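Trainee: I should like to request a close look at a single part of this model, namely the place where helices pack against one another. Please set out the arrangement in one connected account.

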Amino acid sequence: MDRRTSPNQPHSALSNPAVLTRIFQHASSRSLKDSACRKNDTVAKCARVCRPFREPALRVLWGRVPSVLPLLRLLVPCFGRIQYDHKNSECTHSQGYVCYALHDLPGPVEWARFCHYAPYVRILHCDMDPVAHLDYEPLPRIDDDDAETPENVNEHSEYPHPAFILPSVWFHLKELSNGRPLFPNLRELVWLASPFAFDFLEVLSPTLQTIHIRLITLHAHTDQEWKASLPLFIRSVASLAPMVQHCEIVATQVHPVHTLLPEVHRMTHLRHLALDTNPLTARRTNAQTLREAKLDTLEALESLKLGIWIKEYSPTRFPPIALRSLRAFTVVDYFGCPEAYTLFHARRLATLDITLHRSIASTQTEAYRAVPAVIARHFPRIISLALRLHTSCDFPGDKHPLDLHKALEPLHRLSHLRELTIVVRGTTLTAASTEVRPFLVGLPRLTALTIDLPRLQYGVATIATATVLVDLARFGTELQRCHLGDLLLSPSLLDHVLVQAATVSPPNTNLTMLSVDRVEYGGDLYVKHDMARCAKLLYELFPNLDCALSRAAPPNRRTAFYGTTNGAWNNCILTVLEHLRREIRTIDM
């Protein structure tokens, strides 16, 4: 502080709203991570310090609201809860829920308070989950010492029962607003919707850009009710929130999501569309349904996720859908018709994620090969590809296992491919399918590789051995990130691999992340010794491997078998590697 400035005059930075907002955001993020600290308690106290702190603190407190209850509590005493207990005479326990309602129309004071804080809300979540997360309580007012604070509004925040808000609450609030949006600056909305309560529409705002809707089921006939109401529901969303760019619709045991496809084109600014991909929804999403959806009219659409069930496709009957701006395509395919992918014409496609469910015998390698062949021919410029093969075999057996490399050989024609993910479940593979060398040789410019294969299928073990590490160093010269589902270590394997590693020159200096879900070892007597030798192998082959980055890779939680451990890679091998590096640095010094 300048000596000529009065000691009572604050620093100029504390009068800058942008600086204060960053400070309060940092304080809020720290409080969310600290379990011993009440969420947003620090920022709530800062809002009371002085006038310059008030607006930035309130923007942080109310900017992201994980429940609508803190907002509606601004209307107390007109708003409150009614708790019911529904006792079942056939059971010894009671099952209840908490219901919230308006007991009277808000007066001028309550309504003015709601209107004052509602414009701060940019992200709003509304659900009917148990109200166990309401220790987050934004500060309603700072000029009244008797106002609700994080210390006293939390009195009833932990209920053992689900919470419901009557749809009439939103109807009355919308009436009070005289047609104006309840949340004029809302950007993102997450909502549970039922065919009996379209209160969701009362909350929509022209400023909305992101909408996540989860359709819920109430009884056995909810499907028919959603089927009748969904088209008009989506049409209303497009009218009330015309600037929506990201729309995601998932379902809880509801399957008529396909009925909204003909109305999606009304969201003219849509850039990201994700629809529910459960099997019953996808079964009704065929070539005709997709063609009638008019997706080619969405000129800004960059990302698309949906489930399909296309048994056959003829370009003469259904012309291809031109998706001019599409960059990312995620599809869950429940039939596996190769020609179905030619329905989508996307020249700018860079990321393709396919989950293929097929009920075929594992002997049909050529049946699998047809899909990669179409991908390589129809999407030759993709940069990232994820291919997940989920097979329900008609009979068990290993007489004719799937040759994975033969099935995926057409992918070698993808000269622009940089990221490859292969996941296989439910089929028997050949022993050679666990090798990564064919992928590295066929696609020498790969920078990221994920291989996750079934460890045991019908009594046949398919697990990558330690020789994979040598192949990664020798052939993956451009590889920067690699993830393996399983890795087999044993004394004999490591003896052989360490000899091979001595011939690898130069080492792979590009690989910085290497993660493994599960490590299998040759027995308890060899565990520590094998782990240490594997760490030495990593030190020699990958000198720039980042242990922290490798640990941060999201684990794929899988069932552990005898002689395996899910934490051996992170907790043992990488830890030993860090100790080895420190010892060598100490010796060099």
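Mentor: The account below treats the packing of three helices and then places them within the chain.

The model is a predicted one. Its protein chain has 19 helices and 22 strands, and 50% of its 589 residues are buried. Of the contacts with a sequence separation of 6 or more, 77% join residues 24 or more positions apart.

The part in question consists of α15, α16 and α17. Helix α15 covers residues 467-475 and helix α17 covers residues 527-541, while α16 is formed by residues 491-501.

Consider α15 and α17 to begin with. Their axes lie 10 Å apart, at an angle of about 5 degrees. Angles under 35 degrees count as roughly parallel, and α15 and α17 are therefore roughly parallel to each other. On the α15 side the contact is made by Leu469, Val470 and Ala473, and on the α17 side by Cys534, Leu537, Leu538 and Leu541. By class, this contact has seven nonpolar residues, with no polar and no charged ones.

The pairing of α16 with α17 comes next. Their axes come within 11 Å and cross at roughly 20 degrees, which makes α16 roughly parallel to α17. The crossing of α16 with α17 is left-handed. From α16 the contact draws on Pro491, Leu494, Asp495, Val497, Leu498 and Ala501; from α17 it draws on Asp530, Arg533, Cys534, Leu537, Glu540 and Leu541. By class, there are eight nonpolar residues and four charged ones in this contact, and no polar residues. Cys534, Leu537 and Leu541 of α17 take part here, and these three residues of α17 also appear in the contact with α15.

The remaining pair is α15 with α16. The two pack at an angle of about 15 degrees, with their axes 9 Å apart, and α15 is thus roughly parallel to α16. This crossing is right-handed. Thr467, Val470 and Arg474 of α15 meet His496, Val497, Gln500 and Ala501 of α16. By class, the contact of α15 with α16 has three nonpolar, three polar and one charged residues. Val470 of α15 belongs to this contact and to the contact with α17; Val497 and Ala501 of α16 likewise meet α15 and are listed in the contact with α17.

These helices may now be set against the interior of the chain. In soluble globular proteins, nonpolar side chains tend to be buried together. In this model the largest nonpolar core has 157 residues, and those with the most contacts inside it are Leu124 and Phe183. Helix α17 gives the most to this core, with seven residues. As for Phe183, residues up to four places away in sequence are not counted, and it touches Leu71, Phe114, Ala118, Val121, Leu124, Trp170, Val203, Ser205 and Thr207. Leu124 is thus among the residues touched by Phe183.

One backbone feature follows α16. The loop between α16 and β21 (513-520) contains proline 506, and the peptide bond from serine 505 to proline 506 is cis, with omega near -5 degrees. Another cis bond, with omega near 15 degrees, runs from valine 76 to proline 77, and proline 77 is found in the loop between α4 (69-72) and β2 (79-87).

Methods
Residues are numbered from 1 along each chain as its sequence is written. This is a predicted model: local features need pLDDT of at least 70, side-chain atom pairs count only at pLDDT 80 or more; totals for chains, interfaces and linings use all residues. Side-chain values use heavy atoms; hydrogens and water are left out. Axes are lines fitted to C-alpha atoms, for helices over the stretch in contact, and angles run from 0 to 180 degrees between N-to-C directions. Helices (H or I, at least four residues) and strands (E, at least two) are DSSP runs, numbered from the N terminus. Angles under 35 degrees count as roughly parallel, over 145 as roughly antiparallel, 65 to 115 as roughly perpendicular and the rest as oblique. Contact means heavy atoms within 4.5 Å. Ala, Val, Leu, Ile, Met, Phe, Trp, Tyr, Cys and Pro count as nonpolar, Asp, Glu, Lys and Arg as charged, and the others, Gly among them, as polar. A nonpolar core is a set of buried Ala, Val, Leu, Ile, Met, Phe, Trp, Tyr and Cys residues joined through side-chain atoms within 4.5 Å. Buried means under 20% relative accessible area, exposed over 50%, partly exposed in between (1.4 Å probe, protein chains only). A crossing is left-handed if the near helix is turned anticlockwise from the far one by less than a right angle, and right-handed if clockwise.
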